[in-house]
Amino acid sequence: MKTLVLILGDQLSRDVAALDGIDAARDVVLMVEVGQEATYVRHHKQKIAFILSAMRHFAQELRDEGLSVDYVRLDDPANTGSFTGELARAVSRHAPDRVVVTEPSEWRVRRMMDDWSRDIGLPVAIRDDDRFLCSRADFAAWADGRKAYRMEFFYREMRRRSGLLMEGDAPVGGQWNFDAENRKRLPASLALPPRGRTRPDAVTAEVIALVAERFADHFGDLDGFGWAVTRNDALAALDHFIADALPFFGDYQDAMAEGEPFIFHALLSPYLNVGLLLPREVCLAAETGWRAGHAPLNAVEGFIRQILGWREYVRGIYWLEMPGYAQTNALAAERPLPWFYWSGETEMNCLANAIGDTRRNAYAHHIQRLMVTGNFALLAGIRPAEVEEWYLAVYADAFEWVELPNTHGMALFADGGLLASKPYAASGAYIDRMSNYCGSCVYDPKIKTGEGACPFNPLYWNFLIENRGRLGNNPRMAMPYKTLDKMPADRVATIIREANAFLDALEDAKPLHRAGQPDLFA
């Protein structure tokens, strides 16, 4: 039986299920670059270049192993631009008896796959993606009967199942979570490690030129592209993180600093999400660093929690709750996405920095995403679908299975508390405490209302006022609502007036991004 094995652009691992049992003498691997995947949202130029170059390198590695690879490039004149169209053409070329694929990471692609057997007239075997540490079935079993999901309880179960950072049945160090130790502001005197980036080779340079030509009006810069595009280079990036950044990752994982987009962060999520690295090997590398005395437990536990806990947790929620999950809007947020999310042109220095980092690197770390761009969107009541499209487009590591729950549930609380127990809303004081952004901002986080006040301050209290009917009974919101209740009526009126004046001016400031406005992406 001749098999056509389709490998998608986020399945670039020799261990992917579809390649299990492949017969080099008979079977054919199909890989396709299709325009539909680059444009269903207007992905960051670096994200497109990263995935296409990684695909081309992986295809060559399979050929070097002796496998037959049919690779369709984006600029092939016969390219139909879709997975379905390219699969049909490949079936005509190779006349296989069946098609084998690994389940995709996104719901919309799974719906395509479910129709393929009918479309091409052949059996299509869709294998489970076993690169994750928790299967969809196991997560569904864990979630069964729960009214709401909480990552901490899931994470503890995953620690027990995996054996990571465990001593028998107990967590090492006597506690599961060291997050309370991981909230330090970055000292100005602390030297940051030079971050190793990968110099583009000839293949990557060719892809960068293609992306620059084909997607000139997409968001983001291509200059300075430094992502690894092979497994060997991704492993080198992992080694660099463990050696040079992990020891300080825990203390400063929530810190932000002007002109320092990476600090001590791993920069490994793009490699995990396309398959160049596997989650267990990354967790084991960090655990080995702790057991060798190289990195403290709070750093290693915090890092492993992001992968073993959050990453597996949001994937489970995505597949359990889709497709309806994306349609919820628990806080009735309906304002349009402000134009500065694309241009970066705003006097709010924290937002200008986070968006500028994103434009330059297709990357911002999790606190920039959650507590700056996400927090502003939450407080301003921005329509969830527009915020989610932005996050999906602009980050190299963003695939819907991980982006949607993190944005919809964690940043925007649009699921009403299914994923997180409270909205992650904060005033300017939090940003000032965790960053140096405010020192060079035209606004002052210490001014609560009036001239020079940080917009996050009235927006925060106005958010609580507008959503009291939805959030007032949440136990974790009791303290801010008690504070609100003690405010004089005239101050509350000032907060409402100033917040709404700011939001009205924001909507009037400049037209929203629309296709055909490349000036916003220049």
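**Exercise 1. Describe how strand E4 and strand E5 are joined, and state which residue of E5 is the bridge partner of Thr102.**

Solution. Strand E4 (residues 98-102) runs parallel to strand E5 (residues 124-127), and 4 bridges link them. Strands and helices here are DSSP runs, numbered from the N terminus, with at least two residues for a strand (E) and at least four for a helix (H or I). Two strands count as paired if DSSP finds at least two bridges between them. The partner of Thr102 in E5 is Arg127. Together with helix H4 (residues 107-120), E4 and E5 form a right-handed β-α-β unit; right-handed means that, with the strands pointing away from the viewer, the path from the first strand over the helix to the second runs clockwise.

The model is predicted: local features need pLDDT of at least 70 and side-chain atom pairs pLDDT 80 or more, while totals for chains, interfaces and linings use all residues. Residues are numbered from 1 along each chain as its sequence is written, and side-chain values use heavy atoms, without hydrogens and water.

**Exercise 2. Give the strand order of the open sheet and explain why E3 and E5 each have one side without a neighbour in the sheet.**

Solution. The order of the 5 strands is E3-E2-E1-E4-E5, with parallel pairing. Strand E3 (68-72) and E5 are at the edges with a single partner strand each, so one side of each has no neighbour in the sheet. From one strand to the next the twist averages 25° (angles run from 0 to 180 degrees between N-to-C directions, with axes fitted to C-alpha atoms, for helices over the stretch in contact). Helix H2 (residues 45-64) packs on the sheet, touching E2 and E3, and its direction makes about 160° with that of E3; contact means heavy atoms within 4.5 Å.

**Exercise 3. Find which residues of helix H5 are buried and which are exposed, and state what the buried ones pack against.**

Solution. In H5 (residues 136-143), the buried residues are Phe139, Trp142 and Ala143 (buried is under 20% relative accessible area, exposed over 50%, partly exposed in between, with a 1.4 Å probe and protein chains only). They lie on the same side of H5 because they cover an arc of only 95° around the axis, taken from the directions from the helix axis to the C-beta atoms. Ala137 and Ala141 are exposed, on the face turned away from the buried side. The buried residues of H5 pack against helix H6 (151-162) and H12. After H5 comes Gly145, with a positive phi near 90°.
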